[in-house]
Amino acid sequence: MLTLDAVSKRFALKAGYFAAARRHVYAVREVSLRIAAGETYGLVGESGSGKTTTARLAVGMYRPDGGAITYRDRAGDLHEVGRSGARARRELRTRLAYVFQDPARSLNPRMRVESILLAGLRYTANWRGVEDGRSRALAALESVGLAARHLSRRPPDFSGGQRQRVAIARALMVQPETLICDEIVSALDVSIRSQILDLLQHLRRELGLTLMFISHDLAVVTYFCDRVGVMQDGRLVEEAAARELAANPRHGYTQTLYAAVPKLPAPG
Amino acid sequence: MRDADAGPLYDVTGLTVTFSTERGPLHAVRGVDLEIDAGTVVGLVGESGSGKSVTAQALLRLLPPHALVNVPRLLFRGEDVVTMRPAALQRLRGGRVGMIFQEPARSFDPIYSIERSLAETLHTHRPELDPEALHARSVALLEEVGIAEAERRLASFPHQFSGGMLQRVMIAHALAADPEVLIADEPTTALDVTVQAQVVDLLLRLRAARGLAILFISHDLALVGQIADRLVVMYGGLVMEQGPAAAVLHAPRHPYTRALLDAHLPLGVHYTEQPLHAIPGNVPDPLHPEPGCPFAPRCAVAEGRCTRAIPPLVAEPAHAPAARATSSVAAAAPHDPMPAAVTGIVHHRCLLPGTKASLAAAAAPGEAAC
Amino acid sequence: MAEAAGRVGRSAALWQRLRARPVAAASLLVLVLLYGAMLFAEFLAPYAPTTTFRHHTHQPPTLGFHSRELGFGPQVQHRVLVDEVTRRYARIRGQHYRVRLFARGEPYRLWGLVPLRVHLFGTTAPYVDEEGATVQAASGADPWLGTGQAYPVFLLGSDHLGRDIFSRILYGSRISLTIGFIGISISLSLAIILGGLAGYYGGAVDWTIMRFAEFFILIPGLYLILFLRSILSYDWDSGQSFVVITAILSFVSWPGTARLIRGMVHSIKREDFIAAAQLQGIPALAIIVTQIVPQMASILIVSVALGIPGFILGETVLSYLGLGITDPAVSWGSMLNRNVTSLSNLRAFPWFLYPGVALVLVTLAFNFLGDLLRDIFDPYHQERARG
Ligand SMILES: Nc1ncnc2c1ncn2[C@@H]1O[C@H](COP(=O)(O)OP(=O)(O)O)[C@@H](O)[C@H]1O
Ligand code: SF4
Ligand SMILES: [Mg+2]
C-alpha cells in the first residue's frame, strides 16, 4: 500500500547570480493519496500539472520538500520512501518499479535488450549470477509478448509499442509488487496503445500488481483504473472511482478534460 | 490554371517512395492515390510507419536524396510538381502550401525571437513589405491564430511558449504566405488532449475563414474524424480505404479501418465491463514487405489469397465521387446506418462480412473489375 | 526509417569525404602503411636494429640503380673511407654488389615465433672492410653463416656505429607508434573516470576535479614532463623507461579530454535512460562507463586521433633529451638523440634526420585524419567552440 501524506515538492528556478533570493516553483502541493494493494490508481491532468513529479516522488526519485510517503509491502513491512539510506533504497527497488513515458528516451539506444534488462538486476538482492539473470530476462521478455530473438537487438530496431514492452520487461525484472507507469501509452498509436493496456491488465492479474497509472487522456484513465485522481497545478482537485468520474465529473477542470477527449461521431 | 480551378488542388496517382538503406530498399510508400480538393480537410490516418509523413513530404518534394520517388502523376493545381523548377518549388513550399509538424519546439531556432523568425518567413515570401508592414502583418497573424497580446508576445522567445502556443505560432508561420493548402503532420500528437482540442478548433476556424484546404495527418481516427471531410486510411505504405469521413467512420468497408475503430476507446467504458479490441501484432517491416496485403498477418478475416498478391483497389461505382449517394445501396443494405454516404475505394475482397453480400449484389461491376 | 537513412548517410559520408579530401585519404594510407611496416619490421628491415657494420659508419644512403658493370637494377657500390675525421667515403669504381629482393639474410623470428631468414631485400655479397679486404671468408653462397655478414645496403644511410637507419626506423616505430595508443588509452581512461565523475556528480566533486585538471592545463606540458622525469631515477632499462614515459605523458594529457567528457556527460546525464539506470540502483561509475561513454564514442574517436601525435612527440622529446628510450632499445626519439648531437654533425650527415621525417609524417597524418573524423562525427565543433 502506497501512501502519500500532504506531499509537496518544489524546484528551484534558474535565477541570475545576483537575484536576491532563490525562487521556487511548486510542482506538487500537499497531495495526499492512498493506493491499496492490488488497486489500479489513475492520475490524470495536463502536462505540467504535477503528475510526473508525484510519480517520481512515489518511487523515491525525488525527495519531498514536505509531507511523508510510506509504502507497506506484502510482508507487512513499512518503508519510508525518499529516505537516503542505501539499504532502504535497495529494499524498495525490488518492490516499486517505474516505467517512463517515452521508451525512445528511457531505453539506452546503444545497448542490447539483454544488457538493458540485466543492468539493474545486478545491483539488487535478487541477483543470482548471469545464467539466472538471462533466464529471467527471457522470462520477462516473454511475459510482455516478446521472444528470445529480441534479446540481442537494440531499441532502435523496435517499433514504439515493442520498445514500451521492453521498458515494462525491465521494470518486471526485479519482480516488483507495485508498478508506476508514467504516461506509458501517450507516445503510442491508438492501436498499439490497446495492446499495451491489454498487456498491463494481464500482468496485473497474473502478478497481482498494484498500479499507479498516469495519463493525460481521461478516456484511458477511466477505462483502465479503479480509482482516479485529477491533478491541476500541482493539486489533487478531484478523486473518485473511475466509473463514477467518467459518468459524473464534478470539478470544472475534470469537465474540461472530459470535453476535450476526441469522440467518434455516434453512429446513426 | 483555368481548368485547374475546377479540378483538385493536389492530384496524386501511384506515388511510391523507396529509401535506399544499408539494409536494403525500404518500401515506405507503395502506391498511393490522393486528391485534395480546395477548401476540404483530408484526413490521412494510419499507424506510425504506414507512410503518412513520407507521403506528405513527397507532395512538396521534401524527401532526402536517398529516397527514390516514383510518381506517374503529381499535380498541384494542374502543374507538375515533379518537373517544377527550383524557383517555383520554392514558392510552393511554405508559400502556396504551408506545413506544420508534430514537435513545434524543434522547428524553431531558440535564439530567434518570435518576431524575428516570423518576419524572416514573411520576408522570403513577400519581399516588398517594409519593416513596419512586416510588424503589422506579424501581429495580425498571431492574432489570427488566437494568441492574446500578440504585440507583446512577438518579443518572446520560443522557450517562453508552451507546446500548444508554439504550435499556434507555427501555424502562423505556415499562414504567412497565404497558402492554399496546409499540410499538418501529427500537429497535436505531442500536445495534451485539452490543447489538442483547441488546435483542432483553430484549424477548423481557419478553414472556414480562409477557405484553406488541409491535409491532416494523425494516427488517431477519432481525432481525424472530428476535423476531416474525407478520410484516407493508410497501412503498410498503401491506401486501404478512402471515402467521405462520415461514411468511413460509420460504415467502414475495410477490416483495417474497422480494427482501428474498434481499438478506439470511448469515454466511460471500464475494463471490468468490456475488454479492449487491440489489433494484434505489429506494423509490417517496410524492409521486407509481404507479397500480399500488408494487413494480412493481423487481419481477422484474411483469406489464403490475401497473402498472395496485393489486392487491387476497387472504386465502387455506387460510391464513386461522381455518382454519390445512390439509393440502390440503401435498399440493398437496410442494416447499414448510413449507406447513402458509402463512397470511395476499397479492396473489394476485404468488404466486411455482412456488407459483402449486399454489395456484391449492388456493385457487380466492381467484382468484374478485379 | 530515419535511423536507417542516418546509417547510410554516415558510411557513405566517410567515403565521400575521403574522396573529397585527398590529404586526409593520403594520411590514412600513410598510417596504414606505417603500422603495417611496424608489424612486419623483421621482414622489411634488411638488418636487426643492433647489427653494426663496423667499417661502414656514417654512410649516406648507398642504394644505386645503375652502373656500367651491372647495368640497371638495385645495387650498391663499394665505398672506402678517405678521411677518418670527417668520415668521408669514396666510391670504388667497378666494385658493385647487386641488391636482391627476398634475399637470405640475418636469421630472425617473425613476431618472436616463426624462424625465418628471408628479408625483403639485401645483398648476398660477402662483407668487405674499409680497405677492401673481405673480412670473413664467405662460406659458399651464404655470407651470414657463422658470425659473417653480407655487404650492407643502407636505404637511408647508416649511423655512427654503422647501423642501418632504415632498419632502425622500422624497429623504432614499435615504440614510437605504440606509445601513442598505449598512452592515449591510459589518458583516456583517466579522462573518462575523472571527467565522467565531475560531469555526473557536479557540485563539489566537479569543482575539485576540474580545478585539479586546470592546474595541469595551466602548467606548460613540457616543463611538467621534464620535472616529473627528472625527479625520477635515471638508470632504468628501456622497458621501464617506456612504462614511465607513457605514464608521465598520460598524466599530463588527460585534463583536456576530461574537460570535454565532463561537458558531454553533463548533458547526457539528463536523458531518461540515465534516470532509469539511477532508479535501478546502478552505481555511478558503471552508468558512466557502460551507458554514457558509448554515447560519445564518435567524439572520443576524434580526440584519440588528435591526441596520439602528442604522445609520439612527447616520447621523442624525452628520448632526445636522454630521459627516455636508450640503447639497445630503439625509438625514433632515441635515434635522434644519438645522432643529431650538433648542427655541424647534422650538416655533415643530414640523413640522421630521417627518423624526424617519419615523426613529422605520422604527426601530420594523425592530425589530418583527426580533422576529417571531427568533420564527420562532430560537425558542430566550430559553433560550439565559438559559442
Ligand atoms: N526537474 C525539474 N526542474 C524544474 N521544474 C520542474 C522539474 N520537473 C518538473 N518541473 C515543473 O514542475 C511542474 C510539474 O511538472 P510534471 O511533474 O512534469 O507534470 P506532468 O507530469 O503533469 O507533466 C511543471 O511546471 C514543470 O515545469
Ligand atoms: S481481407 Fe485480406 S486483403 Fe482485406 S485486409 Fe484482410 S488480409 Fe488484407
Ligand atoms: Mg509528464
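This section describes the sheets of chains A and C, the surroundings of ligand 1, and the contacts of one helix residue in chain C. The model is predicted.

In chain A, six strands make up an open sheet, arranged in the order β6-β7-β8-β3-β9-β10 and with mixed pairing. The edge positions are held by β6 (residues 96–99) and β10 (residues 235–241) of chain A; each has a single partner strand, so one side of each is left without a neighbour in the sheet. From one strand to the next, the twist averages 15°. Within this sheet, strand β3 (residues 40–44) of chain A and strand β9 (residues 227–232) of chain A run parallel and are joined by four bridges. Val44(A) has Val230(A) in β9(A) as its bridge partner.

Helix α1 (residues 51–58) of chain A packs on this sheet. The strands of chain A that α1(A) touches are β3, β6, β7 (residues 178–182), β8 (residues 210–215) and β9, and the direction of the helix makes about 155° with that of β8(A). A further helix of chain A, α10 (residues 252–260), lies across β3, β9 and β10 of the same chain. The angle between α10(A) and β9(A) is about 100°.

Helix α1(A) also takes part in the surroundings of ligand 1, giving the most to the shell with three residues. The residues around the ligand include a run from Glu46(A) through Ser47(A), Gly48(A), Ser49(A), Gly50(A), Lys51(A) and Thr52(A) to Thr53(A). Phe11(A) and Ala27(A) also belong to the surroundings of ligand 1. By residue class, the shell divides into six polar, two charged and two nonpolar residues.

Several polar atoms of chain A lie at short listed distances from oxygen atoms of the ligand. For Thr52(A), a polar side-chain atom is 2.4 Å from an oxygen atom of ligand 1. Backbone atoms are involved at two other residues: a polar backbone atom of Gly48(A) is 3.0 Å from a ligand oxygen atom, and a backbone N or O atom of Glu46(A) is 3.2 Å from an oxygen atom of ligand 1. Ligand 1 exposes 550 Å² when taken alone, and the protein buries 62% of that area.Chain C contains an open sheet of four strands in the order β1-β2-β3-β4, with antiparallel pairing. Here β1 (residues 63–67) and β4 of chain C stand at the edges; each has a single partner strand, so one side of each is left without a neighbour in the sheet. The twist in this sheet averages 50° from one strand to the next. 

Strand β1(C) is joined by four bridges to strand β2 (residues 71–83) of chain C, and the two run antiparallel. Three residues link β1(C) to β2(C) in a hairpin. Across this pair, Gly64(C) stands opposite Gln75(C) in β2(C).

A second hairpin of chain C is formed by β3(C) and β4(C), with three residues between them. Trp111(C), in the turn, has a positive phi of about 50°. Strand β3 (residues 88–110) and strand β4 (residues 114–123) of chain C pair over eight bridges in the antiparallel sense. Tyr108(C) has Leu116(C) in β4(C) as its bridge partner, while Leu101(C) stands opposite Phe121(C) in β4(C).

Phe121(C) is also one of the residues in contact with Leu44(C), when neighbours of Leu44(C) within four places in sequence are left aside. Leu44(C) is part of helix α3 (residues 41–44) of chain C. The other contacts of Leu44(C) counted in this way are Ala37(C), Leu120(C), Phe166(C) and Leu170(C). The C-alpha atoms of Leu44(C) and Arg117(C) are 12 Å apart in space, and the two residues are 73 residues apart in sequence.

Technical notes: Residues numbered from 1 in each chain as written. Chains lettered and ligands numbered in written order. Predicted model: local features only at pLDDT ≥ 70, side-chain atom pairs only at ≥ 80, totals over all residues. Heavy atoms only, no water. Pairing = 2+ DSSP bridges. Axes fitted to C-alpha atoms, helices over the stretch in contact; angles between N-to-C directions. Contact = heavy atoms within 4.5 Å. Near = heavy atom within 4 Å. Polar contact = N/O pair within 3.5 Å; in protein donor to acceptor, adjacent residues only side chain to side chain. Areas by Shrake-Rupley, 256 points an atom, 1.4 Å probe, with all protein chains shown as cover. Nonpolar A, V, L, I, M, F, W, Y, C, P; charged D, E, K, R; others polar.
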